[in-house]
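Work through the exercises below with the sequence and the model open. Each task is followed by a solution in steps.

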Amino acid sequence: MRLFLRLLFRNRLAGFGAVVLSVIVVLALVTPLLPLHPPNATDTANRFLRPLSEGHLLGTDHLGRDLLSRLLWGTRLSLAVGFAAAMIAAVIGATIGIVAGYAGGRTDNVTMRGVDMLMAFPYILLALAIVAALGPGLMNALIAVAVVNIPFFARNIRGVTVGLAHREFVDAARLSGMGHTRILLTEVLPNVVPVIVIAMSTTVGWMILETAGLSFLGLGSQPPQADLGSMLGEARGALITAPHTSIVPGVMILLIVMSINLLGDGVRDALDPRLRSGALARPMAATLVDRREPPPATPDDKSLLRIDGLRTEFRMGRRTAVAVGGVDLALAPGECVGLIGESGCGKSVAALSVMGLVASPPGVIAGGAVRLDGEDLVGAPYRRLRALRGNRVAYIFQDPLSTLHPLYTVGDQLAEAIRVHHPVSRGEAHARAVKLLEDVRIPNPASRAGAFPHELSGGMRQRVGIAMALANDPDIIIADEPTTALDVTVQAQVLKLLADLGRSRGLAILFITHDFGVVAQLCDRVAVMYAGRIVEEGPTAAVLTAPAHPYTARLIACVPELGGGRRRLEAIPGLPPAADDLPDGCAFAPRCAKVRPDCREGDVALEGTARKVRCLYPEPAERAAE
């Protein structure tokens, strides 16, 4: 509950709505206890008293009744009717939607066609018809408002249920012998409840407004009973001479509907766990930069890409997760550098930080520099970053099915990538796209250019991703685990393709992977990353044959060997540290067998020249080579 409230109040408008609605609800609840005038007591001698009159804080109406008393009693009634209508509509509509979405087939068709018939009528006319059939009265108005909103809930919940009905956990429940009723109650309903709550929170205000509208027309609350709509209806004849009789209930309706709508938006976001990471917020065009210290001095070397002291954080309220905690890495022209480490160690975040692609919020580049040919890209104008993205620096992502647009052919997407950076005609761009597909060895490239991503195999989609990265002859390719989801044969083909392209085009490649076999096959140098920092770096052969950092040694020991007889499967004890709670000293100390007291004190520097290691007690060369 505390987490929910914290997420809710991160949205200031939602917090404001919650406060306003809470005040209104509390006033409505304590209305019977307040020393108010009787709401229906008339006093024609004191008709249309102005606000702040003696004994009548908000004045009186055309019959001399106290407006404050009628306002609070009317608010109490309007809130009760609105919430009751929302509850009825939600229960009936959600039941219809869940049953139709789960059953499918004829049940779904018949049920939803009936719902469609209800939705075909204008809801206000349908509500008026229902009240006309049942007769005027507040209860009948409640029924009418609930009925016209049932299709809204049924449609929304049915759509969610259809997506859940054939999920793996539902199929597993069927295979375990559960009946349909139990599956609906224990498997489907818990996943639908947040959607129901969100739909209710965003429609209660509208239902209160609909009820007030029916009362305004004389079809809801009947005299002398007051709700906000009937108060407005009674005051319309004195709108010019005594406007306060209309303004008082009108302002209350405005506050209630506005606060409920604002709160509904906040509830919708707070119930979505993605809000905790800021994923629901619209990301900025480039990662936010908040460097509290000046960037390191430009080194005098010939590196094409140089990362110096890069620090990237995720700031989530009071929590700060350090994803990249000071990375130093250089990439020379024509060189392939492997970046390796466990999941969550910061490899992808470091790579995305190069071009400012970490989503903000919550991502922030808090320090360091990223230099391309000596130019610092951290904090560079968006126009400059946009000119470099996909042009001089290109990315190959892990899952091409999620990065390729599903509604455009691969040829059109390749042509678009070219035309973004080069003023060429559509025909020329398409011809270059076909040539790119040929370069990445896709058979029959002319016809494949007209295929959609889902029509290609995983290996072909990955080759299309490589072709898109090569579209503008980049100097650097950042490949983020591009072979993880591929089978061994296709993986070998993609790796050979990257190696051939790197040699023929002189590309510098930063290759992110978990696989030491890939590193050994493709990379000239390797950098091992742990807890957001480089812990070891050096020539690939030297690091793989004689790892100096205990973490590197344990990672290599975990790689299974084929054909070498029986061997115990190694594993690194413990878990990597949380990014928002990094330990003092060496981050690997809690999992290291060689840890000593001074390993937990102070920062451990990355030392060395050709071979660099961040360890006070590195592995002896002769022992590591064993």
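**Exercise 1. An aromatic cluster**

Does Tyr 530 count as buried or exposed, and at what relative accessibility?

Solution. The model is a predicted one. Buried means under 20% relative accessible area. Tyr 530 has 3% relative accessibility, so Tyr 530 counts as buried.

Next, look at the partner ring. Phe 588 has a relative accessible area of 1% and is buried. Tyr 530 and Phe 588 form an edge-to-face aromatic pair, with 5.3 Å centre to centre and 90° between the planes. The pair links distant parts of the chain, 58 residues apart. Tyr 530 lies in strand β10 (residues 525-530), and Phe 588 in the loop between α21 (550-557) and β12 (607-608).

Last, extend the pair to a cluster: ring pairs link Tyr 530, Tyr 551 and Phe 588.

**Exercise 2. A stacked pair**

Describe the ring pair of Tyr 395 and Phe 397, and classify both residues by accessibility.

Solution. A pair of aromatic rings is described by the distance of the centres and the angle of the planes. The count of aromatic pairs comes to five. In the pair of Tyr 395 and Phe 397, the centres are 5.6 Å apart and the planes differ by 5°. Planes under 30 degrees apart count as stacked, and this pair is stacked. Tyr 395, with a relative accessible area of 13%, is buried, whereas Phe 397, at 33% relative accessibility, counts as partly exposed.

**Exercise 3. Salt bridges within a helix and across the chain**

For the salt bridges of Arg 113 and Arg 291, find the partner and state where each residue lies.

Solution. The count of salt bridges comes to 25. Start with Arg 113, whose side chain meets that of Asp 116 at 2.9 Å, N to O. Both residues lie in helix α4 (residues 105-120), three residues apart, about one turn of the helix. Arg 113 has 41% relative accessibility and counts as partly exposed. Asp 116, at 27%, also counts as partly exposed.

Now take Arg 291. Its salt bridge is with Asp 376, with the closest N and O atoms 2.9 Å apart. This pair links distant parts of the chain, 85 residues apart. Arg 291 is in the loop between β1 (288-289) and β2 (305-316), and Asp 376 is in strand β6 (residues 375-376). Arg 291 counts as partly exposed at 25% relative accessibility, and Asp 376 counts as partly exposed at 23%.

**Exercise 4. A salt bridge and a network**

Identify the partner of Glu 375, then name the residues joined into one salt-bridge network.

Solution. Glu 375 forms a salt bridge with Arg 384, the closest N and O atoms being 2.9 Å apart. Glu 375 is partly exposed at 29%, and Arg 384 counts as partly exposed at 32%. The network, built from salt bridges that share partners, joins Asp 290, Arg 292, Arg 311, Glu 313 and Arg 315.

**Exercise 5. A surface patch**

Which residues form the nonpolar patch on the surface, and which helix supplies the largest share?

Solution. The patch consists of Leu 5, Phe 9, Val 19, Val 23, Leu 27 and Leu 34, with about 470 Å² of accessible area together. Helices α1 (2-10) and α2 (12-30) each supply at least two of its residues. The largest share, three residues, comes from α2. Leu 34 is in the loop between α2 and α3 (67-103), and at 32% relative accessibility Leu 34 counts as partly exposed.

**Exercise 6. A kinked helix**

Compare the span of α6 with the expected one, and locate its kink.

Solution. Helix α6 (residues 138-165) has 28 residues. From first C-alpha to last, α6 reaches 39 Å, close to the 40 Å expected at 1.5 Å a residue. The kink, about 30°, lies at Asn 149, shortly before the proline Pro 151.

Terms used: Residues numbered from 1 in each chain as written. Predicted model: local features only at pLDDT ≥ 70, side-chain atom pairs only at ≥ 80, totals over all residues. Heavy atoms only, no water. Patch = residues over 30% accessible without salt bridge, like charges linked within 9 Å, V, L, I, M, F, W, Y side chains within 5 Å. Areas by Shrake-Rupley, 256 points an atom, 1.4 Å probe, with all protein chains shown as cover. Salt bridge = Lys/Arg side-chain N within 4 Å of Asp/Glu carboxyl O. Helix = DSSP H or I, 4+ residues; strand = E, 2+ residues; numbered from the N terminus. Buried < 20%, exposed > 50% of the residue type's maximum accessible area, 1.4 Å probe, protein only. Expected span 1.5 Å × (residues − 1). Bend = angle between axes of the 7 residues up to and from the residue. Phe/Tyr/Trp six-rings, centres within 6.5 Å; stacked < 30°, edge-to-face > 60°.
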